Amino acid sequence: MTFENIVSGTVAFVRDHGEWAPAIVFGLAFAESFAFISLLVPAWGILVGIGALVGASGLEFWPVWLGAAAGASLGDWVSYLIGFHFKDAATRVWPLSRRPQMVERGHSFFMRWGAWGIFIGRFFGPLRAVVPLIAGIFAMPQFLFQMANIASAMVWAFVLLAPGAFALPFF
């Protein structure tokens with residue numbers, strides 16, 4: 001099964017069962033944002049496809065957007081909590097244990113940018129997987145983390161879904 005088959009199958013399922021769209025994008029965005037799963041599940045391509053489907057099929061944009069933003073925010077929050085609770089032990093779990101350079105890059109990025117790193121990191125695949133975890137390990141204040149987390153999740157979901165949702169009706 002190829003990535004293209006997964007994307008087309010998921011988009012077809014959403015097309016046929018539109019009422020499930022917010023829940024499906026919630027799960028995909030959570031998987032894309034959760035530290036350990038995000039390296040295995042490249043859900044952004046499916047989310048872009050669902051955005052195009054929203055524009056082509058008449059699905060309501062805002063519930064789908066809210067599902068994606070909530071899933072992304074929760075994925076990062078759980079990653080932060082894992083880092084906060086387990087500290088360095090979280091980096092010794094697969095797949096991060098096999099890719100220590102990701103943890104190093106995420107740490108450097110977080111130390112340089114702080115809360116802005118949470119916001120910016122969401123838009124870069126490998127950083128998206130580790131920056132919230134690193135923020136938890138280094139005990140970033142939770143309120144500051146959540147502000148950057150929620151704001152970036154809302155923008156990220158919009159950036160992935162809106163081009164297809166709003167551009168296709170004009171063509």
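**Notes on the predicted model: patch, cores and salt bridges**

1. Starting on the outside: Phe123, Phe124, Val155 and Val159 together make a nonpolar surface patch of about 330 Å². Keep in mind throughout that this is a predicted model. Val159 sits in helix 8, and its relative accessibility of 46% puts it in the partly exposed class, because that class runs between 20% and 50%.

2. The UniProt record (an unreviewed entry) has something to say about this part of the chain: its "transmembrane region" annotation covers residues 115–138 and 150–170. In the model, residues 115–138 are 83% helix and 0% strand. The C-alpha atoms at the two ends of that stretch are 12 Å apart.

3. Now the inside. The largest nonpolar core has 27 residues, and the members touching the most other members are Leu28, Leu47, Ile50, Phe61 and Val64. Helix 1 (3–16), helix 2 (21–33), helix 3 (44–57), helix 4 (61–86) and helix 8 (142–167) each give two or more residues to this core. Helix 8 has the largest share, with seven residues.

4. Phe61 is worth clicking on. Leaving aside residues up to four places away in sequence, Phe61 touches Val54, Phe158, Leu161, Ala162, Ala165 and Phe166. Apart from the largest core there is another one, of 23 residues, which includes Ile82, Ala129, Ile137 and Ala148.

5. On to charges: how many salt bridges does the structure hold? The count is three. One of them pairs Asp16 with Arg15, with 3.5 Å between the closest N and O atoms. Asp16 is exposed, since its relative accessible area is 52% and the cut-off is over 50%.

6. Glu32 and Arg128 form another salt bridge through their side chains, at 2.6 Å from N to O. This pair links distant parts of the chain, as Glu32 is in helix 2 and Arg128 in helix 7 (residues 125–137), 96 residues apart. Are the partners buried or exposed? Glu32 counts as buried at 4% relative accessibility, and Arg128 counts as buried at 7%.

7. Then there is Arg122 with Asp76, whose side chains meet in a salt bridge at 2.8 Å, N to O. Arg122 lies in the loop between helix 6 (115–121) and helix 7, while Asp76 is in helix 4, so the pair ties together parts 46 residues apart in sequence. Arg122 is buried, with a relative accessible area of 1%, and Asp76 also counts as buried, at 2% relative accessibility.

Methods: Residues are numbered from 1 along each chain as its sequence is written. This is a predicted model: local features need pLDDT of at least 70, side-chain atom pairs count only at pLDDT 80 or more; totals for chains, interfaces and linings use all residues. Side-chain values use heavy atoms; hydrogens and water are left out. A nonpolar core is a set of buried Ala, Val, Leu, Ile, Met, Phe, Trp, Tyr and Cys residues joined through side-chain atoms within 4.5 Å. Buried means under 20% relative accessible area, exposed over 50%, partly exposed in between (1.4 Å probe, protein chains only). Helices (H or I, at least four residues) and strands (E, at least two) are DSSP runs, numbered from the N terminus. Contact means heavy atoms within 4.5 Å. UniProt positions are given in the numbering used here, feature names are shortened, and annotations may be inferred rather than shown by experiment. Patches are made of residues with over 30% relative accessible area and no salt bridge: like charges are joined within 9 Å, nonpolar side chains (Val, Leu, Ile, Met, Phe, Trp, Tyr) within 5 Å. Accessible areas come from the Shrake-Rupley method with a 1.4 Å probe; for residues, only the protein chains shown count as cover. A salt bridge is a side-chain nitrogen of Lys or Arg within 4 Å of a carboxyl oxygen of Asp or Glu.
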